[in-house]
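Please look at the sequence and the structure shown here, and then follow how some of the charged and polar side chains are placed.

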Amino acid sequence: MSTEPKAPKIEFPHPGYPIKVIGDNADDFKGMVIEIVQIHAPDLDIEQVTVQESGNGNYSSVRLRITATSKEQLENLHQDLKATGRVKMVL
């Protein structure tokens with residue numbers, strides 16, 4: 001009998017909720033991610049957003065923290081990021 005691990009339960013609101021967005025490396029990738037995140041989390045502190053390039057320079061990861069207010073907020077944010085066609089993964 002195998003049991004699948006359960007996702008950790010998130011208590012809302014959840015200040016400082018970490019998000020990592022990975023996509024193709026481009027000059028405007030960080031700005032695009034910030035623009036979409038601000039629609040769902042207007043309290044985003046842009047000063048705390050960091051970007052890291054992959055070792056070969058093909059990908060960028062944008063790391064940020066928001067106040068997560070609901071599961072729906074997180075799902076909608078994920079959908080909007082993926083809908084750009086430029087985001088490979090949202091963690």
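In this predicted model, Arg86 counts as partly exposed, because its relative accessibility of 25% lies between the limits of 20% for buried and 50% for exposed. The side chain of Arg86 meets that of Asp28 in a salt bridge, with 2.8 Å from N to O, and this pair links distant parts of the chain, since Asp28 lies in the loop between β1 and α1 and Arg86 in the loop between α2 and β4, 58 residues apart. Asp28 is itself partly exposed, with a relative accessible area of 45%.

The count of salt bridges comes to three, and they are set out here.

| Salt bridge | N to O distance |
|---|---|
| Asp28 and Arg86 | 2.8 Å |
| Lys88 and Asp24 | 3.6 Å |
| Lys71 and Glu75 | 3.9 Å |

Lys88 and Asp24 form a salt bridge that also links distant parts of the chain, with Lys88 in strand β4 and Asp24 in strand β1, 64 residues apart. Lys88 is partly exposed at 41%, and Asp24 is partly exposed at 34%.

Lys71 and Glu75, by contrast, are four residues apart in helix α2, so they are separated by about one helical turn. Lys71 counts as exposed at 53% relative accessibility, whereas Glu75 is partly exposed at 37%.

Helix α2 also holds Gln73, which is buried with a relative accessible area of 8%. The side chain of Gln73 reaches the backbone oxygen of His40 at 2.8 Å, and the residues that Gln73 touches include Ala41, Ile66 and Thr67.

Conventions
Residues numbered from 1 in each chain as written. Predicted model: local features only at pLDDT ≥ 70, side-chain atom pairs only at ≥ 80, totals over all residues. Heavy atoms only, no water. Helix = DSSP H or I, 4+ residues; strand = E, 2+ residues; numbered from the N terminus. Buried < 20%, exposed > 50% of the residue type's maximum accessible area, 1.4 Å probe, protein only. Polar contact = N/O pair within 3.5 Å; in protein donor to acceptor, adjacent residues only side chain to side chain. Contact = heavy atoms within 4.5 Å. Salt bridge = Lys/Arg side-chain N within 4 Å of Asp/Glu carboxyl O. Lists of a residue's contacts leave out its neighbours within four places in sequence.
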